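Colleague: Please walk me through this one. I would like short answers on the nucleic acid contacts and on a few packing details.

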Amino acid sequence: MMKLLVLDGNSILNRAFYGIKLLTTKDGHFTNAIYGFLTMLKKMWDETQPDAVAIAFDRREPTFRHLEYDGYKAQRKGMPEELAEQMPVLKELLELLGYPLVEQAGFEADDILGTLAKASREQGAECVIATGDRDSLQLVGDGVTVRLAATKFGQPQVTVYDAEKIREEYGVEPPQMIEIKALQGDSSDNIPGVAGIGPKGAGELIRSFHDIDHIYENLDTIDIKEGMRKKLREGKESAYLSRKLGTICTDVPIDTKLETYRLQSGDKAAAARLMARLELFSLIPKLGLDAAAQETPEQSKTADSLPVKVLADGAGLLIPLQEQGRADLTAVYDGNEISSLLLPMDGTVFVLKPEKAFLRALCGNAKIVKNIHNSKPFYAALERLGVEVKNFGMDTLLAAYLLNPTSSDYGVERLAAEYEVPVPSANGEYADAARAALLPALVDRLTTEIEQNGQLDLLKKIELPLAKVLAGMETVGFAVDAAGIEEYGKGLQTRIDEIQSRIYEQVGYEFNVNSPKQLGQALFEKLGLHTGKKTKSGYSTNAEVLESLRYDHPAVEMILEYRGLTKLKSTYCDGLLKVIGPDGRIHSSFNQTETRTGRISSTEPNLQNIPVRTEQGRELRRFFIARPGWVLVDADYSQIELRVLAHVADDKNMIEAFRENADIHRSTAAQVFRMPEEMVTPIMRSRAKAVNFGIVYGIGAFSLSKNIGVTRKEADDYIKAYLAHYDGVRSYMNHVVELAKERGYAETLFGRRRYLPELTSSNFNLRSFGERVAMNMPIQGTAADIIKIAMIRVAERLTREKMQAQLILQVHDELIVEAPQEEAEAAAKLLTEEMQNAVSLSVPMLAEAKIGKTWYDAKE
DNA sequence: TCGGTCACG
DNA sequence: ACGTACGTGACCGAC
């Protein structure tokens, strides 16, 4: 028997849009509904395995009803711009994929579903209706089932309705669904129903009396409450109108020959290209378009398999590589060692196990430009062998990051799709070889893009050399005193046990204090404390809430201490002990393509968030040490972000303050509170400091007031006073947002970009967020650029001056060098100089270095 | 896997 | 009228 799948295009698109968080391409086109629609379509297809498929869309002609004010507004509200723009793109994509679309002027998708369901039944075929609306349930019957689509947690979900399921859920036969609706109405569809009757009442009436005809024919005699009888009597006209409005039409003038709806061949390659343009890369393999995605429009569909040659020795490659002038390297690692190297040349991928001599010859040959995807591990491997790289050309990973730092996937295959790199073959056997074969074209393509963006300097002078510095830092690592951490942890544990039992005593029963859920029950249900904020899943128990309850019950303070102690114990003591290497050092990974602002991040472990703000936490830094006979030199920038702000905003007053090396928070306080600096109290200074921070983050009066505990009005006055005095900052903030809106991205002094599709959103919150980011990213990002330059200069100079000292850590505005005792002073001087001279701005960049045996001592 | 929490700049 | 400061990563419990 033939099986036809009919999709209600509009309703599924709607469900997808509201069920999946807004996704955009990096240039700001919304794609979440398209993504959701296709995953739903795929699921429906897989589950039903139909022989034919029709996708129905509304094509409502403007009618008088739509021109009425209310109707117009409802219409607009029902279809936000973010969704509307996805509709035509989805239709194009569906056509390219070969799905027959059905529309008929003046009819809704529902009516098309009804017409095709009826046609199927008449032709003895099976019909599966896929929709997000329950309206279509009235169509269920012989050979017709409805699959109700929903999107929960971003995942497609389907509930199957046959006649049995409807009887079970509603207690009526499918055709009676329309009788229920006649009484109940449907506000979203402008169906009035009977006033005062809801789903429950409507269901009961229809279950008892079958349909509205029977109800109204016997209205005076049927056994119902008098109130109900009155409502029904008054709503009679409305009920009949509702039934008429809600009845799905089954005779839309469309083609009802089911053969028409067989899947067509479409243009798979074009569909794959469109999906790549929409940056919906994960869908390409899901929809089985991998092969199509690899066809360029000109290419034939019969790609040869990729020739791969395994070589015992690479020596023979050196001459041809030199003639070619480039080596596009794909390395495979075993630990830190390069276990094989893949080199595409003239359509063949050569695979070899690289001996040190070969690597030295290749990397040392200045006539061969070396390109690679992800240079950091390559540098780490070469460093172990003592091999230097001359003439390094391109790292496609870093280039792709500069082109769009918001992406979360910089895999070669995905980049090849995004940047429409021709794929040399469809060979899927050797994934590494296939990737290697993509590299040359990707290198060329990304080089062009980077040049077009004016980011070549940023790439070549900052990111590429930084990768080598980071490789060095990872390799060297940071020495720690494991026994010290262990003992410190034991002390914490003793105290944790003690407090835990006291908390149990106070609350009256034992529970998991680490569980926000159980803790919420204990505090707010058992102890009856006032609930503060709520979270999605219950009461909020964060430090801010607990702080406000501190004096309401003795348990609260204990819980605060418990939280602090367990954090130190589990994240820092236990966490750090787990990652100490056999050399007694911690080798964190420094990720260069993770943040959207250009900062680096640190993982496994994160060494950029080791406690410092409280003394108890700061103690941990005593266990971060220099090796015997060596010391740590720790240098940090003073107010780097505010100095950057003074420069980029070209704010005369702020520039002057920094040139005079003023205490910037004090000087801000003097301005905001309009008084001489000598009269600024510590409270005023700390408030001014919060204002300075707020400015950098894209300030709002509400958050500032919350942060410093003043009224919103006061906070607003502070901001006004601030902007009045720092007029350059005011105009900069306005300008930078406008510029970002115009260009679609924010950028740093060095041309690092962050695309901000949020700025075009019609959603107030999202757009406001975009505006704050447009203000913050150039500041945070420029500061990140500056310290990266400093790192490169520090590392180069340490090498040039043949010092043993090495850079081991960066914490955003702080650099740590491990140096032999006798190099300490020289290293401190070098660090300060290179940090201060990394860039020349309209304000001095001040950095200060300190020396100590431990991180604690070097940062006092 | 996600949300809540909290550590850092 | 909206909901409310930027950027990270790790751990835990709950689902």
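Modeller: One definition before we start. Ala, Val, Leu, Ile, Met, Phe, Trp, Tyr, Cys and Pro count as nonpolar, Asp, Glu, Lys and Arg as charged, and the others, Gly among them, as polar. Also keep in mind that this is a predicted model.

Colleague: By class, which residues does the surface near DNA strand C have?

Modeller: 36 residues surround DNA strand C. The closest are N512, S515, G694, N707 and R754. By class, this surface has 8 nonpolar, 9 charged and 19 polar residues.

Colleague: Which element gives the most to the surface near DNA strand C?

Modeller: Several elements give two or more residues there, among them α25 (516–526), α27 (554–578) and β18 (601–603). Helices α32 (682–697), α33 (701–708) and α36 (764–800) also belong to that group. With 7 residues, the element that gives the most is α36.

Colleague: How far is a phosphate oxygen of DNA strand C from an N or O atom in the side chain of R754?

Modeller: Take the other phosphate contacts beforehand. A backbone N or O atom of R596 lies 2.9 Å from a phosphate oxygen of strand C. For R772, a side-chain N or O atom is 3.0 Å from a phosphate oxygen of that strand. For the side chain of R754, the distance is 2.7 Å.

Colleague: What percentage of the atoms of DNA strand C within 4 Å of the protein is sugar and phosphate?

Modeller: The strand C residue list includes N512 and S515 among the closest. Within 4 Å of the protein, sugar and phosphate account for this share of the strand C atoms: 67%.

Colleague: Now DNA strand B. Which residues come nearest?

Modeller: There are 22 residues around DNA strand B. They divide into 7 nonpolar, 9 polar and 6 charged. Helix α27 gives the most to this surface, with 3 residues. The nearest are T541, K567, V612, R613 and D813.

Colleague: Which residue has a side-chain N or O atom 3.5 Å from a base nitrogen of DNA strand B?

Modeller: Of the strand B atoms within 4 Å of the protein, 74% belong to sugar or phosphate and the rest to bases. V612 has a backbone N or O atom 2.7 Å from a phosphate oxygen. R613 has a backbone N or O atom 2.7 Å from a phosphate oxygen too. The residue whose side chain is 3.5 Å from a base nitrogen is Q780.

Colleague: Turn to the protein itself. Is α34 roughly parallel or roughly perpendicular to α35?

Modeller: Helix α34 (residues 712–725) packs on helix α35 (residues 727–743) with the axes 4 Å apart and at an angle of about 100°. Angles of 65 to 115 degrees count as roughly perpendicular. Therefore α34 stands to α35 roughly perpendicular.

Colleague: Which residues in α35 do those of α34 meet?

Modeller: The residues of this contact divide into 4 nonpolar, 1 polar and 2 charged. From α34 come Y722, L723, A724 and H725. In α35 they meet D727, V729 and R730.

Colleague: Which strands stand at the edges of the open sheet of 4 strands?

Modeller: The order is β23-β24-β20-β25, with antiparallel pairing. The twist averages 25° from one strand to the next. Two strands each have a single partner, so one side of each is left without a neighbour in the sheet: β23 (806–810) and β25 (847–852).

Colleague: Which residue in β24 does D634 stand opposite?

Modeller: Strands β20 (residues 630–637) and β24 (residues 814–820) run antiparallel. They are joined by 7 bridges. Opposite D634 stands I816.

Definitions and conventions. Residues are numbered from 1 along each chain as its sequence is written. Chains are lettered from A and ligands numbered from 1 in the order in which they are written. This is a predicted model: local features need pLDDT of at least 70, side-chain atom pairs count only at pLDDT 80 or more; totals for chains, interfaces and linings use all residues. Side-chain values use heavy atoms; hydrogens and water are left out. Axes are lines fitted to C-alpha atoms, for helices over the stretch in contact, and angles run from 0 to 180 degrees between N-to-C directions. Angles under 35 degrees count as roughly parallel, over 145 as roughly antiparallel, 65 to 115 as roughly perpendicular and the rest as oblique. Contact means heavy atoms within 4.5 Å. Two strands pair if DSSP finds at least two bridges between them. A residue is near a molecule or strand if one of its heavy atoms lies within 4 Å of it. A polar contact is a pair of N or O atoms within 3.5 Å; within protein, one must be able to donate a hydrogen and the other to accept it, and residues adjacent in sequence count only if both atoms are side-chain atoms.
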